[in-house]
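Me: I have a structure here and would like the reasoning behind some of its labels. Please set each value against its cut-off.

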Amino acid sequence: MHTILYFDVCSVPIFIMILITVFVRKMTKGMTNRFFIALITLSAIAAVSDVIMELSCRTLPLTDLRLVLATVFIYGYYFGRAVSIMLYFFFIFSITGTWYRVRAASVRMILMIPFAVHMLFYITNPFTGVIFTVTAENGYQRGPLIGIAYAFSMLYALAGTVYLLMCRKFLTREKIVSLVALYVLSMAGAIVQFFFPQFLLELISAALSFILVILFVLRPEEISDASVGSLSYSAYRNELKKILLTKQKTQVVSIRFINAYELRAYLGQEKYLAYIAHIIQQINLLFHKEGAYFDIYYEDPANIYIIIENKNYDVYDCVKRFYKEFTRKSEKGVSSSERVIPKVCRIVVPDDVNDFDEIIRIGHEFADQMPANTLYIEAPELIASKDYLVVSHMDQILNKAIQEHRFEMYYQPIYSFERGKFVSAEALIRLIDDEYGFVSPGLFIPAAEQKGVILPIGDFVLEDVHRFISENDLDALGLDYIEINLSVAQCLQEELPTKLELLGEKYGVSPDKINLEITETTYENIGNVMDINLQVLSGMGYTFLLDDYGTGYSNMQRVSRLPLKIVKLDKSLVDDMGSDDGMLIMRNTVKMMKDIDKELVAEGVETKEDLDQLKSMGCNFIQGFYFSKPLPAKDFVEFLKKHNSA
Ligand code: C2E
Ligand code: MG
Ligand code: MG
């Protein structure tokens, strides 16, 4: 009886092709992928062995050489098959994200007992011949207990599949179906081959079923982010869901690069990604050295997540090392001013937080909610902070504030060196919530922008400031105008000029009593529409001021082209005047601005020293706590009456 070899022969190139795809698609990282590679490799070994064995036994009796070949490769075949079936079993643990259940050596030992017994049969087979015999006269012959070899394989494959079905909620339906099909197909092949040994179907059916896995289960585009050599953000979300479902205690480390957007704009996407890839590589090395079980995920452009399975692994210590490495001079191809600034938050899941959306949100927002000069925070501390509470209830706070008209305008006086008195003021919005108290506009304005409720707030600001101007005689108070902050969304509104015109008429306020504050990012983001609005409003007589100069990447050329007379230097520039570098930067900034004919307001001035320095540099106006905090309208008017009349 001759066996039909074609099927097995066919399976060999299929296995090889699958292996090639695995490497070409970079599916080599992570435990699941590694199991898969081992699985394919062993199956390929089994297929090749089977073919060689069958070929050796084609003509009987066997020559000595053929006898050796047949014996060696029949063992290769049985061994490859037995191990690969066991790997399939572990592969299922890995792909369902429940590997931790077999992490303990004792558990793994127990799971391997059937495999060990199985192996015992093979090892003793040369003496007992119960599984098979290879002799010169008869070639390969099955033994009386050949069924045992099949039974053990069945045991693992069946257990793996039952386990898979128990964990079905961890995977998509498509993946479950493919993995069950993998089982059904390879079992069908094995059963046919058991009863009809002349058909070598087993390995071809396994090969076909692996194609299913490649197509539907291990999809690198879902999992890995080739641009930086890490896993992808969607893989992070999936992994997080699994962790929450299994309630397996895990550490989730969020790293946020707070200057990512600026840096990317500055370096360009390609160089930026190469830089991130380099950082990810460093994190990889560092955590490896420290013996963590971890995976790294990247969310473009500002976040890296590390999921660490060891619950006692000292993340803080590792982060400290990371910063040390990171702040070393001479980073590859990157100067110190072109570095990302990372902030780190550690969450122990599910102890600290057990809600998926909450963990995702923390990853995106923690950096804004942690104390300004800290770089590392643990979730419990973050959650206890007031900013965190406020931000996590922002929807509710904003809705209530808008419905119940809880906003109020405050005014912060602005001093002119030249005239020796207060000549204008910035209108700043305030929100007092009955539950959370004072809510900073630095928190709720960006939130309102994101949630799309900034326009009604902006409308309130415009109306309230117009009312203030109409009720108070600015001239008599010594003021030229009031400064109003405009948000991006307001600048984008085509009806902004009409809105202002109507308000002006309603309250009898002329445009020269208002100075509109825009920021560089505002201007950068919108370009054309803003150009038109700027032109129209300038034509109507409104003036503009550029706010927050010195944050982000300021571009003198762009500033010089903007139709505005005044530039406001950000508080961060003033704060930096404490250092020699900072002083130099301020001095040069003031000089350059003067050279292109801009007037300057310094914001956030708190000390007499800074005030004097700024005066000597030639700065025109000062706004800051040194003179006054923002005041409620009534107090502000009192303040002016007291200080401007003297
Ligand atoms: P901004 O426009 O740059 O406002 C200046 C901020 O610096 C204000 O914070 C002000 O209170 C603060 N400040 C001024 N002098 C000092 C000082 O000497 N020391 C310190 N520590 N801070 C000082 P505030 O009122 O919390 O506003 C934060 C941001 O919220 C504003 O930054 C602005 O971007 C936004 N914002 C405030 N009111 C409005 C508004 O009516 N509309 C819009 N669209 N945004 C607003
Ligand atoms: Mg402002
Ligand atoms: Mg500002």
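Me: What makes the contact between Glu 599 and Lys 565 a salt bridge?
Reply: In this predicted model, the side chains of Glu 599 and Lys 565 come to 3.7 Å, N to O. The cut-off is a Lys or Arg nitrogen within 4 Å of a carboxyl oxygen of Asp or Glu, so the pair qualifies. Glu 599 is in strand 17 and Lys 565 in the loop between helix 24 (556-561) and strand 16 (566-569), 34 residues apart, so the pair links distant parts of the chain.

Me: Why are Glu 599 and Lys 565 given their accessibility labels?
Reply: Glu 599 has a relative accessible area of 23%, and partly exposed covers the range between under 20% and over 50%; Glu 599 is therefore partly exposed. Lys 565, with 54%, is over 50% and so counts as exposed.

Me: How do you know that Lys 400 and Asp 434 form a salt bridge?
Reply: Their side chains meet at 3.0 Å, N to O, which is within 4 Å. Lys 400 is in helix 16 (residues 394-403) and Asp 434 in the loop between strand 11 (421-433) and strand 12 (437-439), so this pair ties together parts 34 residues apart in sequence. Lys 400 has a relative accessible area of 19%, under 20%, so Lys 400 is buried. Asp 434 is exposed, because its 54% is over 50%. Both residues also belong to a network of salt bridges with Glu 404, Arg 406 and Asp 433.

Me: What makes Arg 321 and Asp 317 a salt bridge, and where do they lie?
Reply: The N to O distance is 3.1 Å, so the pair is within 4 Å and counts. Arg 321 and Asp 317 both lie in helix 12 (residues 315-327), 4 residues apart, about one turn of the helix. Arg 321 is partly exposed at 37%, and Asp 317 is partly exposed at 25%. In the whole structure, 25 salt bridges are found.

Me: Why are Asp 547, Asp 548 and Glu 603 called donors of the magnesium ion (ligand 3)?
Reply: Their oxygens lie 1.9 to 2.4 Å from the ion, and the cut-off for this metal is 2.8 Å, so they count as donors. Asp 548 lies in strand 15 (residues 543-549) and Glu 603 in strand 17 (residues 599-603), so the pair ties together parts that are 55 residues apart in sequence. Asp 548 is partly exposed at 23%, whereas Glu 603 is buried at 14%.

Me: Which residues coordinate the magnesium ion (ligand 2), and what makes Asp 547 a bridge?
Reply: The donors are Glu 426, Asn 485, Glu 517 and Asp 547, at 2.0 to 2.2 Å. Asp 547 coordinates both the magnesium ion (ligand 2) and the magnesium ion (ligand 3), which are 4.1 Å apart. Glu 517 is buried, since 1% is under 20%, while Asn 485 at 27% is partly exposed.

Me: How do you know that the length of helix 7 agrees with its residue count?
Reply: At 1.5 Å a residue, the 16 residues of helix 7 (residues 202-217) should span 22 Å, and the end C-alpha atoms are 21 Å apart, which agrees. Its buried residues, including Leu 203 and Phe 210, pack against helix 1 (6-24), helix 2 (31-56), helix 3 (64-95), helix 5 (146-166) and helix 6 (173-195).

How values were computed:
Residues are numbered from 1 along each chain as its sequence is written. Chains are lettered from A and ligands numbered from 1 in the order in which they are written. This is a predicted model: local features need pLDDT of at least 70, side-chain atom pairs count only at pLDDT 80 or more; totals for chains, interfaces and linings use all residues. Side-chain values use heavy atoms; hydrogens and water are left out. Donors are N, O and S atoms within 2.8 Å of the metal (3.2 Å for Na, K and Ca); water is not among the atoms, so sites may look incomplete. Helices (H or I, at least four residues) and strands (E, at least two) are DSSP runs, numbered from the N terminus. Buried means under 20% relative accessible area, exposed over 50%, partly exposed in between (1.4 Å probe, protein chains only). The expected span of a helix is 1.5 Å times one less than its number of residues. Contact means heavy atoms within 4.5 Å.
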